[in-house]
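Colleague: I'm new to this structure and would like to learn how to read it. Could you walk me through a few features?

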Amino acid sequence: MLVGREVNYSGRGRFSAADSCHVLSRYLPVNGPWKVDGMNSRVYTSQFSNDGSFFVAASQESNIKVYNVDKNWKIQKDIETKALRWTITDTSLSPDQRFLVYASICAIVNIVDVGSSARESLANVTIHKGLDFSADGDEDEFGIFSVKFSTDGQELVAAGSDNFIYVYDLQANKCSLRIPAHKSDVNTVCFADETGHLIFSGSDDSLCKVWDRRCFISKGRANGVLMGHLEGITFIDSRRDGRYFISNGKDQTTKLWDIRKMSSNTTDNSRLRDYDWDYRWMEYPSYARRLKHPHDQSLATYKGHSVLRTLIRCYFSPEYSTAQKYIYTGSSDNSVYIYDLVSGAQVAKLDFHNAPVRDCCWHPIYPMLISSSWDCNIVRWEIPGIGEAPLPKRRTVRARRFFGRALR
């Protein structure tokens, strides 16, 4: 590639974006970690802005921080939440980076203007506008486990413990869609692509469902169902192409899906479960790890991490720097796992934390990964060679470098 660039085979005089991505994707952010911040309680959610200039982290006890990544992780906003019940379950930053929504175990989702100049955003000083997702104003009915902005920033999609998914119109200031989507708690929901027409949802009923808003779906009939998990779904991440997504399940697996393989009906898998198990405080039965859904529609299954105690999250790696070549996930065994999307091989395991890593985020441009843990620490991992002294490791970072294999 270097020779070709020097003699200008391509006529461009430089690497193409695809060439650069091919080289960069071979270097994983496994070096470190370096401490970003320590929160006062368990860190539940974290997120980079679309351009990577800001990073949002939310802890269990009423605190959300917005960091300016380009200014050496300076705290841009320190938000004290209101109407919090047990914990912040999810946050979402608007595409224009002006507004932040945060949810808790209640029917009210709060929205805060984070584009103002003031650093402090106290619940009793700064306006935290409450968006009511309940049908009759009874906000004690259910809690919101997942909330996401649409690409245009005009809508929110949310998942509730009442088995419903919701679409909220921010301009009209009301719920525009309320769907009885599943037979159990809906733990995760997201828009499939930039159009906002397709929605993916995952539930404790172990099913992933696809909803097309251009069809009549208000009575709860999904456009498609995807079976394969034996336990509840904790998180879904879309590839943003309207076809592929991944899901984390309490059966201790991550699965890759293609909605072109979805079916119109479901098959009961309750006969496969003959054990009494609660993921919040019990280990997953060893023999259950060998079970397989008889109608598994997933394209691939990734194993090695642990999905216990909390709703562990998983993601595709960035398109810009890796061409979404990997998937990565937090784990209740205190680590971050990175898998090769195609082969399913575990290519890296990041060990530092001493409590579950509920969330982790790969920078959309830089080769940098942030892990956020219940040990209250937010740390960053980068590619080798940045020349800084990392934090003392509690355990050894085990990463398989695969420079030769990547070219085979």
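Modeller: Happy to. Keep in mind that this is a predicted model. Let's begin with one side chain: Lys255 is buried, with a relative accessible area of 5%.

Colleague: What makes a residue count as buried?

Modeller: The cut-off is a relative accessible area under 20%, while over 50% means exposed and anything in between is partly exposed. At 5%, Lys255 is therefore on the buried side.

Colleague: Which residue does the side chain of Lys255 meet in a salt bridge?

Modeller: Asp296, at 2.8 Å from N to O. To read such a pair, look at where each partner sits. Lys255 is in strand β21 (253–258), and Asp296 is in the loop between β21 and β22, so the salt bridge ties together parts that are 41 residues apart in sequence.

Colleague: How many salt bridges are there by this rule?

Modeller: The count comes to 16. One of them joins the side chains of Asp162 and Arg178, at 3.9 Å from N to O. Asp162 belongs to the loop between β12 (155–160) and β13, and Arg178 to strand β14, so to read this pair you again look at distant parts of the chain, here 16 residues apart.

Colleague: Are Asp162 and Arg178 buried or exposed?

Modeller: Take them one at a time. Asp162 counts as buried because its relative accessibility is 17%. Arg178 comes out at 32%, so it is partly exposed.

Colleague: Any other salt bridges to look at?

Modeller: Try Asp258 and Arg260, whose side chains meet at 2.9 Å, N to O. Asp258 is buried, with a relative accessible area of 7%. There is also a network: Asp90, Lys148, Arg313 and Asp359 are joined by salt bridges that share partners.

Colleague: You mentioned β14. How do I read the way it pairs with β13?

Modeller: Check the direction, then the bridges. Strand β13 (residues 164–169) and strand β14 (residues 174–180) are antiparallel and pair over six bridges. For a landmark, find Asp169, which stands opposite Lys174 in β14. The two strands form a hairpin with four residues between them, and in the turn Asn173 has a positive phi of about 60°.

Colleague: And what about a whole sheet? Which strands stand at its edges?

Modeller: Start with the strand order. One open sheet has four strands in the order β15-β16-β17-β18, paired antiparallel. Its edges are β15 (186–191) and β18 (224–226); each has a single partner strand, so one side of each is left without a neighbour in the sheet. From one strand to the next, the twist averages 20°. Zooming in, β15 pairs with strand β16 (residues 198–203) over five bridges in the antiparallel sense, and Thr188 stands opposite Gly202 in β16.

Colleague: Can we practise on another sheet?

Modeller: Sure. Another open sheet of four strands runs β1-β29-β28-β27, with antiparallel pairing. Here β1 (31–38) and β27 are the edge strands, each pairing on one side only. Ignoring direction, neighbouring strands of this sheet are turned by 25° against each other on average. β27 and strand β28 (residues 368–373) run antiparallel and are joined by five bridges, with Val357 opposite Ser373 in β28.

Colleague: Now the inside. Which residues have the most contacts within the largest nonpolar core?

Modeller: Ile338 and Leu369, in a core of 28 residues. Next, ask which elements supply it. Those giving two or more residues include β22 (300–303), β24 (326–330), β26 (346–351) and β29 (377–382). The most comes from β25, with four residues.

Colleague: And the surface? Which residues make a nonpolar patch there?

Modeller: Val3, Val7 and Tyr9 make one of about 360 Å². Val7 is in the loop between α1 (2–6) and α2 (17–24), and counts as partly exposed because its relative accessibility is 45%.

Colleague: One last residue: is Tyr44 buried or exposed?

Modeller: Tyr44, in strand β2 (residues 43–48), has 5% relative accessibility and so counts as buried. You can also compare distance along the chain with distance in space: Tyr44 and Thr91 are 47 residues apart along the chain, and their C-alpha atoms are separated by 9.5 Å.

Notes. Residues numbered from 1 in each chain as written. Predicted model: local features only at pLDDT ≥ 70, side-chain atom pairs only at ≥ 80, totals over all residues. Heavy atoms only, no water. Patch = residues over 30% accessible without salt bridge, like charges linked within 9 Å, V, L, I, M, F, W, Y side chains within 5 Å. Areas by Shrake-Rupley, 256 points an atom, 1.4 Å probe, with all protein chains shown as cover. Salt bridge = Lys/Arg side-chain N within 4 Å of Asp/Glu carboxyl O. Buried < 20%, exposed > 50% of the residue type's maximum accessible area, 1.4 Å probe, protein only. Pairing = 2+ DSSP bridges. Axes fitted to C-alpha atoms, helices over the stretch in contact; angles between N-to-C directions. Core = buried A, V, L, I, M, F, W, Y, C linked by side-chain atoms within 4.5 Å.
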